[in-house]
Amino acid sequence: MPDESPVRTILRMRAREGCADAFEAAWRTAADEISRTPGSLRQELIRDAEDPRTFLIISDWRDQRALDAFGPSAAREQLTAALRDLRESGEKNTYEVLQTVVGQGPRIRVMVTVTVPPGEEAAYERAYLKVAERMRGTPGHVREELLREPGTGTYHILAEWLDETSFNAWTDDQAHLDQTAPLIQYICDNFQRATYHIVARPEESPQPAGVVVTPAAKPAVAPKPAAQPKPAERPRPNSAPVVERSAVDSYGTDVLVVGAGPAGLTAAIELARRGVSCRLVEKRPDAAGTADKAIGVQCRTMEIWETIGVAREAMDAGIWLHGQTVFVNGRQTHQVDWDLPDLPYAHVGLPQYETEAILTKCLAGHGVRVERGVELESFAQDADGVTAQLRHADGRAETVRTQYLVGCDGAHSTVRQALGLTFEGGMGMFPQLFMLGDVDLDWSMPEGHLLRFIQVEDDEMKGMLVCVPLKGRNRYRVATLAPPRLQAEIGSGAIPPGFSAEYDPPSLPDIQAVLDQLAPEGTTASNLRWASIFRIKHGIVDRYRDGRVFVAGDAAHLHPPAGGQGMNTGIHDAWNLGWKLALAVRGDAAPALLDSYEAERRPAGKAIVDRAVKIAFTDEMDMDDEREQFLLEMQMTLSYAGSPLVGADGDNFDGGPQPGDRAPDVRDLRRFGVGHAVRLFELTRGTGHTLLAYADGTTPAEEYAGFEKLAEKVRGFVDVYVVASHDAGPPAGLEVPVLRDPSGAFRAAYGLRGTGAYLIRPDGHVGFRTAPVSAAALDAHLAGIFALGGTA
């Protein structure tokens, strides 16, 4: 028997330039006819709040049979014909209508999309019903429906709110988390949200039995919003139109970096290491001196610091974190050992103020000092550079002309706001209120372990406590949801992201109350050194680059305080961008090189944001392979596969790192004249690209000649080395440095069967691999990186 459940079709269409009004008028005419079609329940047109050319056409039907009958009808042909020449794209989906929450007066639509893991569909639907019941009576909340894509685990919550003001007030009120708590674990991954203005809604047809909807005596049409440009065209107060400039521009500095946190310091170090003139300005007059931010330094970050020469300082200043222990409702559920002998470094516990001090000293060693008490007020960019207006602590104004500007200015980023960047995906508009403190804990817990305590009742997280060891006996950073007392004192209004100095900090009794609830019995806290209320909106901006201006770190992505993901990811942003900017400043970059920063770092950033949010609200062990999970957390397995800046040619490989993967180290290479084993990373840790050409006993003489020719062609851009097996016979006088692979460790790590080559980027990722070696393919790849003229 055919399914008689109500169904909904949603057509997403984008009108052609200048045709939005005609599109709306054509729909009104066609919708009036469609509304009289048997089985039609409602026709609705809504418009994207940020892109007035994008519309959703929503049609409710009595059942699938009614929709199928409409397919070949004259009414459908009328709609298709009316809109065909007015639209540039279209996408259609059909859903079963599962639930409808009754309300009054539609004004805007908010669509939330989430995909739940297989097998959890029923649990998600139960959680939704619980949330729907709690939402009744919420000021400004009109109604909402739960839709499911047939045969999938993808759901859509289609909510109506009285207006955007009501909706924004709700999202900014931390109290709403109690309403949505049952869905937290589901909306951490693959979460999207969009807001639409309802443009028109013809009179609704009578509803079938069993479907509850809001009755309407006549069409309910919200006032049409003023036309707004699409995001890419949104007016940006500090972006200037392109103007004509002289052929020779006068730059005060090549790159201006704003914000001297870990991301900004890393960006400046990477530029200074390559001889690029840069300035690093920071509006804070003094360096941080308390453990008020990130603590964990991940394995991959330690590798980066080894390259720039600060790994030893970090190890000396921090402590090793040996693992993680997780408790759920007082019962230990996991204990994971982080001391993996095959990794180059373990996880280091190092407060962010120590990190900043180490990087500041490193930067000074390259001749660049942080300019403190200097604030970026505004900037304008044109075809040739950026003009920035700075304000010094003494009130003095300064105008700086620079080729590029990098915004690493944190959660309150002036650069992000000036560019008009918006947060997309993740949980960007679902804020959490945390309490943090630096205390001594008297308890018997595994030394050097990060401790997580979670309380779950009726499938909802009722409490969460994270304790991270700091250097010192029994010293910990504790992070937890703010208690009711503090939430009541602060109220339901919006709290800006970051540390809230304007509110009284938590007291030792506040922290002790959480310990009494979640920590092992008898745990006591003492010696409160520092505490704060912490608020962060976790999400990621829609783009990382706007012309000659870039964002990195917290200016680009915001995280909950879980595992130091935000700080480490920001460092990796700057690590990725630095070498590319240096090439661009010198005029050595191919035209599309700088585009690869966003193409590589934004997908990586979004995955890490989603993961950090999920960690904050679960028991964290969501993988069967704990080692794989740890490598993911340490960002050791992060890959830029699919980036336009990586590639391959040939298939003569037995595994090995894929293009975009982190290039593994090899520790027992041999070089004539060196009395000890040589690490591969000693060859690749410079500031440029490294080409590793592998030769074995089958490599002919002409291949070695090809290596020499290639080395000559890319001299100054790429360092070329031959890695030879024990039976290889490189000719005497070869004008390319040769290292031996006596144990075959390089061959095994890089999956080579015979002659082949790997191009390792300055950030330690595989840029290109080829086996057998194709000089033409390698030339083509290098042409996408460097302005090499005839090389390609």
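Biologist: Glu282 first: buried or exposed?
Modeller: Buried, at 8% relative accessibility. Buried here means under 20% relative accessible area, exposed means over 50%, and partly exposed is in between, using a 1.4 Å probe and protein chains only. Bear in mind that this is a predicted model, where local features need pLDDT of at least 70, side-chain atom pairs count only at pLDDT 80 or more, and totals for chains, interfaces and linings use all residues. Residues are numbered from 1 along each chain as its sequence is written, and side-chain values use heavy atoms, with hydrogens and water left out.

Biologist: OK. Which residue forms a salt bridge with Glu282?
Modeller: Arg284, with the closest N and O atoms 3.2 Å apart. The rule for a salt bridge is a side-chain nitrogen of Lys or Arg within 4 Å of a carboxyl oxygen of Asp or Glu. Arg284 itself is partly exposed, with a relative accessible area of 24%.

Biologist: And how many salt bridges does the count come to?
Modeller: 46 by that rule. Some are linked in a network: Arg8, Arg42, Glu44, Asp60, Arg109, Arg143, Glu145 and Glu160 belong to one.

Biologist: Why can side chains of opposite charge pair at all?
Modeller: They can do so when their charged atoms come close.

Biologist: What about Glu24 and Arg28?
Modeller: Their side chains meet in a salt bridge, 2.9 Å from N to O. They sit 4 residues apart in helix 1 (residues 20–34), so about one helical turn separates them. Helices are DSSP runs of H or I with at least four residues, strands are runs of E with at least two, and both are numbered from the N terminus. Glu24 is buried at 7% relative accessible area, while Arg28 is partly exposed at 39%.

Biologist: Where do Asp573 and Arg601 lie?
Modeller: They form a salt bridge too, with the closest N and O atoms 2.7 Å apart. Asp573 is in helix 14 (residues 565–585) and Arg601 in helix 15 (residues 595–616), so the pair ties together parts 28 residues apart in sequence. Both residues are buried.

Biologist: Switching to sheets. What order do the strands of the 6-strand sheet have?
Modeller: 29-34-33-30-31-32, in an open sheet with mixed pairing. Two strands pair if DSSP finds at least two bridges between them. Strand 29 (647–649) and strand 32 (738–741) are at the edges with a single partner strand each, so one side of each has no neighbour in the sheet. The twist averages 20 degrees from one strand to the next; axes are lines fitted to C-alpha atoms, for helices over the stretch in contact, and angles run from 0 to 180 degrees between N-to-C directions.

Biologist: In which sense do strand 30 and strand 31 pair?
Modeller: Parallel, over 7 bridges between residues 689–695 and residues 718–725. For instance, His689 has Val718 as its bridge partner in strand 31. Helix 18 (residues 701–713) packs on the sheet and touches both strand 30 and strand 31, where contact means heavy atoms within 4.5 Å. The direction of helix 18 makes about 170 degrees with that of strand 30.

Biologist: And the sheet with order 11-15-12, how many strands is that?
Modeller: An open one of 3 strands, with antiparallel pairing. Strand 11 (296–297) and strand 12 (319–321) are its edge strands, each pairing on one side only. Strand 12 and strand 15 (residues 347–349) are joined by 3 bridges, and Ile319 has Gly349 as its bridge partner.

Biologist: Now the inside. Which residues touch the most other members in the largest nonpolar core?
Modeller: Val255, Trp305, Leu363, Phe379, Leu405 and Leu581, out of 122 residues. A nonpolar core is a set of buried Ala, Val, Leu, Ile, Met, Phe, Trp, Tyr and Cys residues joined through side-chain atoms within 4.5 Å. Helix 14 gives the most to this core, with 11 residues. Another core of 24 residues lies apart from it, including Cys19 and Trp61.

Biologist: Last topic, backbone oddities. Where is the cis peptide bond?
Modeller: Between Ala771 and Pro772, with omega about -5 degrees. Pro772 is in the loop between strand 34 (766–770) and helix 20 (775–783).

Biologist: What is phi of Asn329?
Modeller: Near 55 degrees, a positive value in a residue other than glycine. Most residues other than glycine have a negative phi. Asn329 is in the loop between strand 13 (323–328) and strand 14 (331–337), and is partly exposed at 47% relative accessibility.
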